Amino acid sequence: MSTPLLTSKIALVTGASRGIGRAIAVTLAKSGATVVCTSTKAGGCDETLAACADAAGKAIAAVCDVSDEAQVEVLAKSILDAHGKLDILVNNAGITRDNLFLRMGAEDFDAVVDTNLRGPFLVCKAFARAMAKARGGRIVNIGSVVGITGNAGQVNYAASKAGLAGMTKSLAKELAGRNVTCNLIAPGFIATDMTAQIPEDLKAGMLKEIPLGRFGAPEDIGAAVLFLCSEAASYITGQTLVVDGGMTM
Ligand code: NDP
């Protein structure tokens with residue numbers, strides 16, 4: 001049997017209780033990494049841990065609201081104390097609070113930016129020093145094609161994801177000298193709880209815009225994350241990898 005790709009690597013996936021985060025966690029665990037999976041709720045990652053175990057992978061659950069600096073610091077301390085390092089950081093946790101701009105309250109803007117942009121800032125900050133000191137690491141941020149194209153009803157979400165793209169490139173420049181790469185994955189339409197709320201007629205219209213003729217699966221994003229964390233991607237940093245079935249080309 002060949003050695004799994006990520007043996008002895010420690011990974012953190014934020015927002016791994018379901019959807020894309022769960023698929024990323026299972027993919028990394030299947031590839032040999034020990035994966036710390038977070039949710040804002042105790043027991044939130046139980047099903048993810050079971051899925052990792054089914055795939056013969058190692059996973060650990062942790063509770064953390066990524067927009068809460070104190071909670072992020074506690075998480076970082078517990079991972080670095082227990083494992084002495086973090087090799088892979090996947091900033092996946094994200095929310096939507098959609099509304100047309102004229103009806104969008106400032107609290108909807110703040111909530112989305114707090115989780116989707118300030119969250120990755122805090123988590124990167126908590127681990128960047130250790131990664132730089134170790135002279136190696138992979139940071140993968142989960143953005144969205146909406147951060148590139150914009151989307152009616154998602155001014156807050158698009159702004160948060162575009163901001164994350166800018167943060168990714170800036171961090172990539174700062175950390176490259178320490179052999180830490182930082183890339184962004186921009187998914188298109190992926191079938192998860194987040195997209196389940198979209199009305200069927202709208203979904204049918206969106207499907208027509210996808211050249212590959214299907215909505216993405218969370219596993220499609222897991223595979224892209226695995227690539228960016230593998231040796232094969234060691235010379236890639238500061239990039240956006242669009243995974244959208246050709247929707248925005
Ligand atoms: P889900 O709504 O299915 O899952 C979101 C995850 O984020 C959950 O695990 C949730 O954990 C976690 N989360 C939410 N708020 C916080 C917080 N403050 N702190 C920590 N964790 C939090 O979303 P998806 O799987 O669809 O999306 C995952 C990522 O992919 C997001 O960043 C999203 O923006 C992005 N994306 C999704 C697309 C799609 O089509 N689905 C398209 C483009 C990008 P819990 O509730 O257990 O606390």
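Modeller: Before we start, helices here are DSSP runs of H or I with at least four residues, numbered from the N terminus. Also keep in mind that this is a predicted model.

Biologist: Good to know. Which element gives the largest share of the shell around the ligand?

Modeller: Let's start with the whole shell: 30 residues surround the ligand. The elements that give two or more residues to that shell are α1 (19–30), α6 (155–175) and α7 (193–196). The largest share, three residues, comes from α7.

Biologist: And how does that shell divide into nonpolar, polar and charged residues?

Modeller: The closest residues to the ligand include S17, N92 and Y157. By class, Tyr counts as nonpolar, while Ser and Asn fall among the polar ones. Over the shell, that gives twelve nonpolar, 13 polar and five charged.

Biologist: Which polar side-chain atom lies 2.7 Å from an oxygen atom of the ligand?

Modeller: There are a few polar atoms to look at here. K161 has a polar side-chain atom 2.9 Å from a ligand oxygen. For I20, a polar backbone atom is 2.8 Å from an oxygen of the ligand. The side-chain atom at 2.7 Å belongs to S17.

Biologist: So how much of the ligand does the protein bury?

Modeller: Picture the ligand taken alone, where it exposes 900 Å². Of that area, the protein buries 94%.

Biologist: What is the volume of the pocket the ligand takes up?

Modeller: The ligand's space is the largest pocket. That pocket is lined by 49 residues, and among those closest to its centre are G94, Y157 and M194. Elements giving two or more residues to the lining include β2 (34–39), α5 (146–149) and α8 (200–208). The volume is about 1300 Å³.

Biologist: What classes of residue line that largest pocket?

Modeller: Among the residues closest to its centre are I95 and T96, and Ile counts as nonpolar while Thr is polar. The full lining has 19 nonpolar, 23 polar and seven charged residues.

Biologist: Last one: which residues lie nearest the centre of the second largest pocket?

Modeller: This pocket holds about 240 Å³ of space. Its lining has four nonpolar, six polar and four charged residues. Of its 14 lining residues, the ones nearest the centre are K9, R138, C229, S230 and E231.

How values were computed: Residues are numbered from 1 along each chain as its sequence is written. This is a predicted model: local features need pLDDT of at least 70, side-chain atom pairs count only at pLDDT 80 or more; totals for chains, interfaces and linings use all residues. Side-chain values use heavy atoms; hydrogens and water are left out. A residue is near a molecule or strand if one of its heavy atoms lies within 4 Å of it. A polar contact is a pair of N or O atoms within 3.5 Å; within protein, one must be able to donate a hydrogen and the other to accept it, and residues adjacent in sequence count only if both atoms are side-chain atoms. Accessible areas come from the Shrake-Rupley method with a 1.4 Å probe; for residues, only the protein chains shown count as cover. On a 1 Å grid over the protein atoms alone, a cavity is a set of points where a 1.4 Å probe fits but cannot get out, and a pocket is an open set with protein on both sides within 12 Å along at least five of seven lines; lining residues have an atom within 4 Å of a point. A molecule sits in a cavity or pocket if more than half of its atoms lie within 2 Å of its grid points. Grid points are joined across faces, edges and corners, and a volume is the space filled by probe spheres set on the points.
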